[in-house]
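Me: I'd love a close look at one part of this fold. Could you walk me through it, starting with the strands and moving on to what packs around them?

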Amino acid sequence: MKIKIISVGRAKNKHIIHLSNVYKDRIKRYTKLEEVVLKSGTNQSENERILIHLKNNKGLNYGLSEDGMNLNSNDFAKMLNNNEKQTSFVIGGPKGINSKVKENCNQIIALSLMTFTHEMAQLFLLEQLYRAFTIFQNIKYHK
(Lines give C-alpha, C1' and ligand atoms only; values in the text may rest on other atoms or scores of the structure.)
Protein backbone atom coordinates (compact mmCIF):
# COMPACT_ATOMS: atom_id res chain seq x y z
CA MET A 1 0.00 0.00 0.00
CA LYS A 2 1.04 3.56 -0.66
CA ILE A 3 -0.39 6.64 1.05
CA LYS A 4 -0.56 9.91 -0.84
CA ILE A 5 -1.56 13.19 0.79
CA ILE A 6 -2.62 15.99 -1.53
CA SER A 7 -2.85 19.30 0.31
CA VAL A 8 -3.02 23.00 -0.43
CA GLY A 9 -0.40 25.31 1.03
CA ARG A 10 2.73 24.60 3.03
CA ALA A 11 2.71 24.45 6.81
CA LYS A 12 4.35 27.47 8.40
CA ASN A 13 4.10 26.74 12.11
CA LYS A 14 7.44 25.18 13.15
CA HIS A 15 5.83 23.14 15.95
CA ILE A 16 3.27 21.60 13.60
CA ILE A 17 5.99 20.94 11.02
CA HIS A 18 8.08 19.15 13.66
CA LEU A 19 5.18 16.98 14.86
CA SER A 20 4.14 16.22 11.29
CA ASN A 21 7.67 15.06 10.51
CA VAL A 22 7.64 12.79 13.57
CA TYR A 23 4.49 11.05 12.30
CA LYS A 24 5.76 10.89 8.72
CA ASP A 25 8.89 9.09 9.92
CA ARG A 26 6.76 6.66 11.93
CA ILE A 27 4.41 5.98 9.01
CA LYS A 28 7.32 5.28 6.67
CA ARG A 29 8.09 2.18 8.77
CA TYR A 30 4.85 0.66 7.47
CA THR A 31 4.25 2.06 4.00
CA LYS A 32 5.39 4.50 1.36
CA LEU A 33 4.21 8.04 1.94
CA GLU A 34 4.02 10.62 -0.82
CA GLU A 35 3.10 14.25 -0.31
CA VAL A 36 1.84 16.62 -2.96
CA VAL A 37 1.69 20.21 -1.76
CA LEU A 38 -0.20 22.50 -4.11
CA LYS A 39 0.27 26.24 -4.25
CA SER A 40 -2.38 28.34 -2.52
CA GLY A 41 -4.60 30.45 -4.72
CA THR A 42 -8.28 31.03 -5.23
CA ASN A 43 -10.60 28.26 -4.10
CA GLN A 44 -11.39 27.54 -7.75
CA SER A 45 -7.74 27.29 -8.83
CA GLU A 46 -6.86 25.13 -5.81
CA ASN A 47 -9.69 22.72 -6.56
CA GLU A 48 -8.79 22.58 -10.27
CA ARG A 49 -5.22 21.55 -9.36
CA ILE A 50 -6.57 18.94 -6.93
CA LEU A 51 -8.78 17.50 -9.69
CA ILE A 52 -5.78 17.08 -11.99
CA HIS A 53 -4.08 14.92 -9.36
CA LEU A 54 -7.21 12.92 -8.60
CA LYS A 55 -7.78 12.06 -12.25
CA ASN A 56 -4.26 10.56 -12.45
CA ASN A 57 -4.58 8.56 -9.24
CA LYS A 58 -4.96 4.82 -9.11
CA GLY A 59 -6.60 3.47 -6.01
CA LEU A 60 -8.98 5.13 -3.59
CA ASN A 61 -9.38 8.86 -3.01
CA TYR A 62 -10.66 10.25 0.28
CA GLY A 63 -11.58 13.89 0.61
CA LEU A 64 -11.39 15.51 4.04
CA SER A 65 -14.29 17.78 4.88
CA GLU A 66 -16.16 18.66 8.05
CA ASP A 67 -19.38 17.47 6.35
CA GLY A 68 -17.89 14.02 5.66
CA MET A 69 -18.52 10.70 7.33
CA ASN A 70 -17.36 10.47 10.95
CA LEU A 71 -15.22 7.47 11.81
CA ASN A 72 -13.63 6.37 15.03
CA SER A 73 -9.97 5.32 14.93
CA ASN A 74 -10.76 1.60 14.68
CA ASP A 75 -13.14 2.13 11.75
CA PHE A 76 -10.58 4.36 10.05
CA ALA A 77 -7.97 1.61 10.48
CA LYS A 78 -10.33 -0.99 8.99
CA MET A 79 -11.08 1.30 6.05
CA LEU A 80 -7.38 1.78 5.42
CA ASN A 81 -6.54 -1.90 5.90
CA ASN A 82 -9.10 -2.96 3.27
CA ASN A 83 -7.18 -1.23 0.48
CA GLU A 84 -4.04 -2.76 -0.98
CA LYS A 85 -3.50 -0.10 -3.63
CA GLN A 86 -2.66 3.56 -3.34
CA THR A 87 -4.84 5.49 -0.94
CA SER A 88 -4.96 9.25 -1.40
CA PHE A 89 -6.23 11.86 1.03
CA VAL A 90 -7.16 15.38 -0.07
CA ILE A 91 -6.92 18.39 2.23
CA GLY A 92 -8.28 21.57 0.68
CA GLY A 93 -7.30 25.16 1.30
CA PRO A 94 -9.05 27.61 3.65
CA LYS A 95 -12.40 27.18 1.88
CA GLY A 96 -12.08 23.41 1.62
CA ILE A 97 -12.79 21.12 -1.30
CA ASN A 98 -15.62 21.89 -3.69
CA SER A 99 -18.38 19.63 -5.00
CA LYS A 100 -16.40 18.63 -8.14
CA VAL A 101 -13.50 17.39 -6.01
CA LYS A 102 -15.93 15.58 -3.71
CA GLU A 103 -17.53 13.87 -6.73
CA ASN A 104 -14.09 12.57 -7.75
CA CYS A 105 -13.45 11.04 -4.33
CA ASN A 106 -14.57 7.57 -3.32
CA GLN A 107 -15.54 8.81 0.12
CA ILE A 108 -15.64 12.07 2.04
CA ILE A 109 -14.53 11.71 5.63
CA ALA A 110 -14.37 14.14 8.54
CA LEU A 111 -11.58 14.39 11.06
CA SER A 112 -14.05 16.19 13.31
CA LEU A 113 -17.24 18.21 13.19
CA MET A 114 -15.01 21.19 13.92
CA THR A 115 -13.08 23.15 11.31
CA PHE A 116 -9.26 23.05 11.41
CA THR A 117 -6.54 24.89 9.53
CA HIS A 118 -4.97 22.84 6.74
CA GLU A 119 -1.84 22.56 8.92
CA MET A 120 -3.78 21.05 11.81
CA ALA A 121 -5.82 18.82 9.48
CA GLN A 122 -2.65 17.37 8.01
CA LEU A 123 -1.13 16.77 11.45
CA PHE A 124 -4.31 15.07 12.69
CA LEU A 125 -4.49 12.95 9.52
CA LEU A 126 -0.87 11.86 9.94
CA GLU A 127 -1.47 10.93 13.57
CA GLN A 128 -4.56 8.91 12.64
CA LEU A 129 -2.68 7.16 9.82
CA TYR A 130 0.06 6.17 12.25
CA ARG A 131 -2.56 5.07 14.79
CA ALA A 132 -4.27 2.95 12.10
CA PHE A 133 -1.04 1.14 11.31
CA THR A 134 -0.44 0.43 14.99
CA ILE A 135 -4.01 -0.88 15.33
CA PHE A 136 -3.72 -3.42 12.55
CA GLN A 137 -0.13 -4.31 13.49
CA ASN A 138 -1.32 -4.77 17.10
CA ILE A 139 1.32 -2.39 18.42
CA LYS A 140 0.60 -0.73 21.73
CA TYR A 141 -0.14 2.88 20.90
CA HIS A 142 -3.90 2.95 20.53
CA LYS A 143 -5.32 2.95 24.08
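In which sense do strand β1 and strand β2 pair, and over how many bridges?

Reply: Happy to take you through this one; please keep in mind that the model is predicted. Strand β1, residues 2–8, pairs with strand β2, residues 32–38, in the parallel sense, and seven bridges join the two. The chain gets from β1 to β2 by way of helix α1 (residues 14–27), and this β-α-β crossover is right-handed. Within the pair, Ser7 has Val37 of β2 standing opposite.

From the strands we can move to the packing. The largest nonpolar core has 23 residues, and those touching the most other members are Ile3, Ile5, Phe76, Phe89, Leu125 and Leu129. Two or more residues come from each of β1, α1, β3 (60–70), α3 (73–81), β4 (86–91) and α5. The most come from α5, which gives eight residues. To see how these pieces meet, try Phe89: beyond four places in sequence, its contacts include Ile3 and Ile5, Phe76, and Leu125 and Leu129. Apart from this core lies another of twelve residues, with Ile6, Leu51, Leu54 and Ile108 among them.

Helix α5 also deserves a stop at Glu127, which sits within its span of residues 118–136. Glu127 counts as buried because its relative accessibility is 12%, under the 20% cut-off. The Glu127 side chain makes a polar contact of 2.7 Å with the side chain of Gln128. Leaving aside neighbours within four places in sequence, Glu127 is in contact with Tyr23 and Tyr141.

Methods: Residues numbered from 1 in each chain as written. Predicted model: local features only at pLDDT ≥ 70, side-chain atom pairs only at ≥ 80, totals over all residues. Heavy atoms only, no water. Helix = DSSP H or I, 4+ residues; strand = E, 2+ residues; numbered from the N terminus. Buried < 20%, exposed > 50% of the residue type's maximum accessible area, 1.4 Å probe, protein only. Polar contact = N/O pair within 3.5 Å; in protein donor to acceptor, adjacent residues only side chain to side chain. Contact = heavy atoms within 4.5 Å. Pairing = 2+ DSSP bridges. Right-handed = clockwise from strand over helix to strand, strands pointing away. Core = buried A, V, L, I, M, F, W, Y, C linked by side-chain atoms within 4.5 Å.
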